[in-house]
Amino acid sequence: MFENLSERLSGVFDRLTKQGALSEEDVKTALREVRVALLEADVSLPVARDFVKAVQGKATGQSVTRSVTPGQQVVKIVHDELIHVLSGSEDPGKLKIDNPPAPILMVGLQGSGKTTTTAKLAKRLKDRDGKRVLMASLDVNRPAAMEQLQILGLQIGVDTLPIVKGEDPVTIAKRAKTQAALGGYDVYMLDTAGRLHIDQELIAQAAAVRDAVAPRETLLVVDGLTGQDAVNVATEFDDKIGVSGVVLTRMDGDGRGGAALSMRAVTGKPIRFVGLGEKMDAIETFEPERIAGRILG
Ligand code: GDP
């Protein structure tokens, strides 16, 4: 479907027969191709532009070594720069959960995969780290969402806070906190309400819950297939609520992963996990190399 970057560049450099330094002109021509490849991978235009500028500075004047073609050399420079921008935190999979019970706040738009991700992470904490986890849904507007979390909890063997009708999100969050402390849980995860679009009420509700429990981690779940939209959502949530990391879902789809680069470049927030399917084990720690490979095609 897509021509990958190496293929694009080998054409550009065909006329360069001699070994030597990459001239400014060669680099410029190559970078036009890099830019197109980034845009095709769904990287946003301003991010692609800045990225290309950074690569240009690094590539111009580099001598072409004997063992690689100029095209391969530019691909390597692009690859290294991608890793540089994508790398966010040293250990993205390590959640701050000391001082039990540690609250983790999950935020994001409806349909982003928030509830699924909450359960996936709870299972991971239980299976890998032997943690006792309590999950609670704060989605008072959608009883189905509360039930969904309860069903997932039963499936993965993680407790959920009993549902009490008529409570507001802050009250539920406080009840989760008390229950987690009394029940000897290590972590309690709060799955906040989602909407189709960001609105003031959604933000105000999430902020009130944040203030009530002081989460150790606030993880924003975004659909990795939504490209530029994902970046706008992240910027808004981070400005208003403050997030400690991003989980990109649907990375099992055929998107090219450009949202990851835009997300890092624009928000500066580390991508912590990627969702790779609907199953409860389909979540992995974010690895920059993988996404870089995917963006390059
Ligand atoms: P929420 O409204 O944000 O809580 O979204 P849900 O957790 O209910 O997820 C919406 C749909 O997306 C469900 O059908 C999930 O199974 C699916 N889903 C969630 N994460 C992933 C993922 O990483 N990959 C795929 N393919 N589907 C996902």
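Student: What makes H5 a helix, and how many residues does H5 give to the lining of the largest pocket?

Tutor: Helix H5 covers residues 114–129 and gives the most to that lining, with five residues; helices are DSSP runs of H or I with at least four residues, and strands are runs of E with at least two, numbered from the N terminus, so the run at 114–129 qualifies. This is a predicted model, in which local features need pLDDT of at least 70 and side-chain atom pairs pLDDT 80 or more, while totals for chains, interfaces and linings use all residues. Residues are numbered from 1 along each chain as its sequence is written, and side-chain values use heavy atoms, without hydrogens and water.

Student: Which residues lie nearest the centre of the largest pocket?

Tutor: Gly111, Ser112, Gly113, Thr116 and Arg250 do, among the 19 lining residues.

Student: Why are twelve residues of this lining called polar?

Tutor: Ala, Val, Leu, Ile, Met, Phe, Trp, Tyr, Cys and Pro count as nonpolar, Asp, Glu, Lys and Arg as charged, and the others, Gly among them, as polar; the lining therefore divides into one nonpolar, twelve polar and six charged residues.

Student: Why is strand S7 called mostly covered?

Tutor: Buried means under 20% relative accessible area, exposed over 50%, and partly exposed in between (1.4 Å probe, protein chains only); five of the five residues in S7 (residues 271–275) are buried, so S7 is mostly covered.

Student: How do you know that S7 pairs with S6 and with S8?

Tutor: Two strands pair if DSSP finds at least two bridges between them; three bridges join S7 to S6 (residues 245–249), in parallel, so these strands pair, and S7 also pairs with S8 (residues 283–285) in the antiparallel sense over three bridges.

Note on methods: 1 Å grid on protein atoms, 1.4 Å probe; cavity = no way out; pocket = protein on both sides within 12 Å on 5 of 7 lines; lining within 4 Å.
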